[in-house]
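The exercises below are to be worked with the sequence and the three-dimensional structure at hand. Each task is followed by a solution in steps.

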Amino acid sequence: MDIAQKKYWRSVDELSNSPAFVEEASKEFAQEIPVEEMLNEEGMGLEANRRDFLKIFGFSLTAATLAACTQTPVKKAVPFVAQPEEISPSIATWYATTFSDGYDYASILVKTREGRPIKVEGNTLSGISQGGVNARVHASVLSLYDANRLQQPKLAGNYVSWEEFDSKLGAKLNALGGKPVVLLTNSIISPTTKRLIENFKAKYAGANHVTYDAISASGMIEANEANFGVAALPTYHFDKAEVILGVGADFLGNWISPVEFTRDYTTNRKVSKDKPKMSRHVQFESFLSITGSNADLRVTYQASKEGVVIANLYNAIAKLAGASTINAPKHDLAGNAIAATATELWAARGKSLVVCGSNNTSVQQLVNAINHLLGNYGNTIDIAAPVYLRQGKDAAMENLVADMNAGKIGAVIAYGVNPAYDYYKADAFAAGMKKVDVSVVVSEQNNETVQLAGFVAAADNFLESWGDAMPAAGKYSVSQPAISKLYDTRSFDEVLLALTGNASSTYDYMKESWKDVFSKSGASDFGTFWRTALHNGVFEMPVVGSQPAFRGDVNAAANAIKAEGSELELVVYEKLGLGNGNLAGNPWLQEMPDPISKACWDNYLAVSIKYARENGISEGDIVKVSANGYEVEVPVLIQPGTYPGTVALALGYGRTHVSKAGLGIGANAYPFMTFNGTRGNVSTKVSVSKTGMKTAIAQTQTHHTIEGRNIVKETSLDKYAVNPADGNVRPYIQVKQADGTFKKVYPGINRNAVTLWDKRDYEGHHWAMAVDLNACTGCGACIVSCQVENNVPVVGKQEVLNRREMHWIRIDRYYTFNEDGMMIDKEKEYNMIQNGDNVQVAFQPVMCMQCDNAPCETVCPVLATVHSDEGLNQMVYNRCVGTRYCANNCPYKVRRFNWFSYTDNPKFYSNPSQTDLGRMVLNPDVTVRARGVMEKCTFCVQRIQAGKLEAKRNSRGVLDGDVKTACQQSCPSGAIVFGDLNDENSEVSKLFLNERAYGIIEELNVLPSVNYLTKVRNTQSIKA
């Protein structure tokens, strides 16, 4: 079957066409009218009389007339008595700074309005993030205004002044009588902080620094130390790799530096007729990850056999290289995948790359040996340019907890870590904290570890303090405050300065530290160098050095790999939204749909279709999961692409001390982690039993149907090389030419086609967007970026279940089969995916299409949705009376209705705008919509206006690239392009004429202003 004729489906229910799915799909309105809830919001019940009912609903069954016109809250502006010189009303001020929490790193730009940070964006000058950031970094601005923040220091549960805190803590430390003091931190990448730590260790004899990472890379660090003498991670160059093999490494999701890897990876995934080439990506994994969903070939394996897979891969490549093989249990994957992949890697030696997500030192030593045999060091891997984003060694933390419980530790000063929650033996850590003489926690949030401390130092938010970072050799970035401190808090650097008796400010101390960087920079004047670094936010210089020689005993590494497994195994993993759980209290991240499952506001046990059918489990069944002496109860989600003997559970949930939005959400999966020299994420001998209870999982993916339409188009690289338009069959009409002949005209390309609609002439700008499906990885950064930029409310789990989510942009995820596309026999379709190997995935961002022939505009009875002279489908909020006709008539289902007043209804307590503090994050350029009003994507019209004003200020026209929408700016892969169709030289104009360009269901002739580029898969294996 031709790849262009594949059948796509969104969910298992849609694939099976279950009665429940058919019933839901047949409804005219997916969202039922919540009459009782809306009456309750007004203090009335269903017994309300006619007069009271009409008082609320008006004469046309809508609460929006009053909501949009008479009930909009009136806010009185309070002017500055003395306006600061650096603040201009309505003009944003940007600061370059750094986000680093020991898990994520990004050099960023912070947008402030009237002194309030309201938006975080990537710094294009950074060689690491290159202008992109993930969803967590976008959402991090909300942490500044979190009501759960610690506001001043505490001693024995009582608030104290910093003077008293310093005095009593200093006295306690000096009275330890030689018992060691331990600084327990996350991976510190700040040169200034490391210098202060050394000063602290010099002052307190026997002091030690232990680095603890909740998500550890200890195995890689130890393997690199053994093989190269470098106790650090290497730099990976995915942009230089022609063949990529990922083994359990979600490098496009959360593995080490995913934003950097995404940008590099997609560089070689974008194709053109002038360059019909792209990298080949093979992924071996046990459950469906975002990286696996983007692979050209994906094969699953039993989770505990990861080391065996790597050992067999080593032997296959060693045979091709003429090297000695190792002792390894025989194992191959479906379709002889290991041998076939080894052949591809060998054919691209020097331009290949093998990465593995295992935290086992022996496994990582074999991965190093594989890359060594392939000649990848110095090409796609640079061990001479170490990366410092993960530094923790698991054995050090294990020894510390043992020493704490043995009474050997005098004091523990914890910063940036929460082991009382995310350490796999959290109970042992908590018991140890009670046995140390002095327990100190430096924390911004009131978390689980704070509850164990005698001294609690309230920490600054990263937007309030000075600092710096060196995430990799030769790459530096600075942090500077974008707002004055909201509370009586200190940075960790300030705490260390006080404990070492240094009276310097953090700014002066950091500036002094940077003289060392200046000495290596080749710059001539420190003042100019320093000001430039602050302005740019980054300073980078090349790393000069040769690759260290590979050494190590591969046989010893192979012998340490165990082949034991069990019939059922559990894998714990990180979601793209919550990650390690640091930001579990952030409602934007809780409501962000997982890219794979499309679920939010919960974690769940992901199981294969085969496992669910064989064990009589249905989606939503609550099951008890037991392993390693620990058990939790979680709902089941049936996840295609999962190995039948594997179940998966996300980390980051089950918090007990966190902001209200994350409190009690899901179950804590950290105790399922194991330790065998390093921490592992696979548990064997797992039992799963039904409890008899059931719950609903909030998913956004199943809210609409595709009605069998050809929405995602794809082809293969070999066919694309022959015909760039392959797979892109477009509807056309016959247009009579001047000479009497007829010509095929594609509406998506030629907008002058004959039509019953009035032709629109855009004399100025005609704004449009193009999305490259080859570049979109489905990461979801655009969803959160749009939510922050456009004041999109958080509605909570129940409203998502009610199909009332408010996101202006969504990323649809479609499943299809690897082989023989369309199937008639439903049972055969089920059987195809029973083994978990035969599922491919496509992602498609969907926002308002800003149609030229917009079907929403023709049905609005009050002209609340109208067309602008620049091609935008505009919403006039004060006209909208909430009939929802426009949403029903929209073929793309991208319109959102405000069922409630999310800004002040206490039912929606997770919405940031519920508090005065939370409202500080709102963008003043975007109206906060009232109840009863329809809303949707505006192409960030406020950014368009800002771009035009900036061009006018500079006495020129708007240039291509002057205006970037929030989704475009945030995209780490550069998949989204925005611009002016009337500018024939703009990138978006060129993409609209690309052979791969098409509009979704353009046969309706609505003329969408968003086009997509056909997805191309590299299905041809590379032969030696």
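The following exercises concern a predicted model.

**Exercise 1. Overall composition**

Task: State how many helices and strands the protein has, and what share of its residues counts as buried.

Solution. Step 1: The protein has 32 helices and 42 strands. Step 2: Of its 1024 residues, 61% count as buried. Step 3: As for contacts between residues at least 6 apart in sequence, 74% of them join residues at least 24 apart.

**Exercise 2. The length and surroundings of helix H30**

Task: Compare the expected span of helix H30 (residues 941–953) with the distance between its end C-alpha atoms, and determine which of its residues are buried.

Solution. Step 1: The expected span is 1.5 Å times one less than the number of residues. Step 2: For the 13 residues of H30 this gives 18 Å, and the end C-alpha atoms are 18 Å apart, so the two values agree. Step 3: The buried residues of H30 are Gln942, Arg943, Ile944, Gly947 and Ala951. Step 4: Their cover includes strands S3 (116–122), S32 (767–772) and S39 (976–980), together with helices H25 (781–789) and H31 (966–970). Step 5: After H30 comes Ser955, with a positive phi near 55°.

**Exercise 3. Burial of helix H18**

Task: Determine how many of the eight residues of helix H18 (residues 492–499) are buried, and which residues these are.

Solution. Step 1: The buried residues of H18 are Phe492, Asp493, Val495, Leu496, Leu497 and Leu499. Step 2: Six of the eight residues are thus buried, so H18 is largely enclosed by the rest of the structure. Step 3: Just after H18, Gly501 has a positive phi of about 70°.

**Exercise 4. Two residues with positive phi**

Task: For Ile256 and Asn1005, give phi and the place in the chain, and classify each residue as buried, partly exposed or exposed.

Solution. Step 1: Most residues other than glycine have a negative phi. Step 2: In Ile256, which is not glycine, phi is positive, near 60°. Step 3: Ile256 belongs to the loop between strand S9 (243–247) and helix H10 (258–267). Step 4: Buried means under 20% relative accessible area; Ile256, at 8%, therefore counts as buried. Step 5: Asn1005 likewise has a positive phi, near 60°, and is found in the loop between strands S40 (997–998) and S41 (1010–1013). Step 6: With a relative accessible area of 23%, Asn1005 is partly exposed.

**Exercise 5. The packing of H15 and H17**

Task: Describe how helix H15 (residues 394–405) packs with helix H17 (residues 426–433), and classify the residues of the contact.

Solution. Step 1: The two helices pack at an angle of about 45°, and their axes are 8 Å apart. Step 2: This angle makes H15 oblique to H17. Step 3: The crossing of H15 and H17 is left-handed. Step 4: H15 contributes Met397, Val401, Met404 and Asn405 to the contact, and H17 contributes Ala428, Phe429, Ala431, Gly432 and Met433. Step 5: By class, these are seven nonpolar, two polar and no charged residues.

**Exercise 6. Tyr423 and its contacts**

Task: Locate Tyr423 and identify its contacts outside its neighbours within four places in sequence.

Solution. Step 1: Tyr423 is in the loop between helix H16 (419–422) and H17. Step 2: Its relative accessible area is 1%, so Tyr423 is buried. Step 3: The contacts are with Tyr212, Met397, Glu398, Val401, Phe429 and Arg679. Step 4: Although Tyr423 and Tyr212 are 211 residues apart in sequence, their C-alpha atoms are 9.2 Å apart.

**Exercise 7. The crossing of H19 and H20**

Task: Determine the angle at which helix H19 (residues 506–521) and helix H20 (residues 526–536) cross, and state which residues meet.

Solution. Step 1: The axes cross at roughly 110° and come within 10 Å. Step 2: H19 and H20 are therefore roughly perpendicular to each other. Step 3: From H19, Tyr507, Met510, Lys511, Trp514, Lys515, Val517, Phe518 and Ser521 meet Phe526, Phe529, Trp530 and Ala533 of H20. Step 4: The contact comprises nine nonpolar, one polar and two charged residues.

Definitions and conventions
Residues numbered from 1 in each chain as written. Predicted model: local features only at pLDDT ≥ 70, side-chain atom pairs only at ≥ 80, totals over all residues. Heavy atoms only, no water. Helix = DSSP H or I, 4+ residues; strand = E, 2+ residues; numbered from the N terminus. Buried < 20%, exposed > 50% of the residue type's maximum accessible area, 1.4 Å probe, protein only. Contact = heavy atoms within 4.5 Å. Axes fitted to C-alpha atoms, helices over the stretch in contact; angles between N-to-C directions. Parallel < 35°, antiparallel > 145°, perpendicular 65-115°, else oblique. Left-handed = near helix turned anticlockwise from the far one by under 90°. Nonpolar A, V, L, I, M, F, W, Y, C, P; charged D, E, K, R; others polar.
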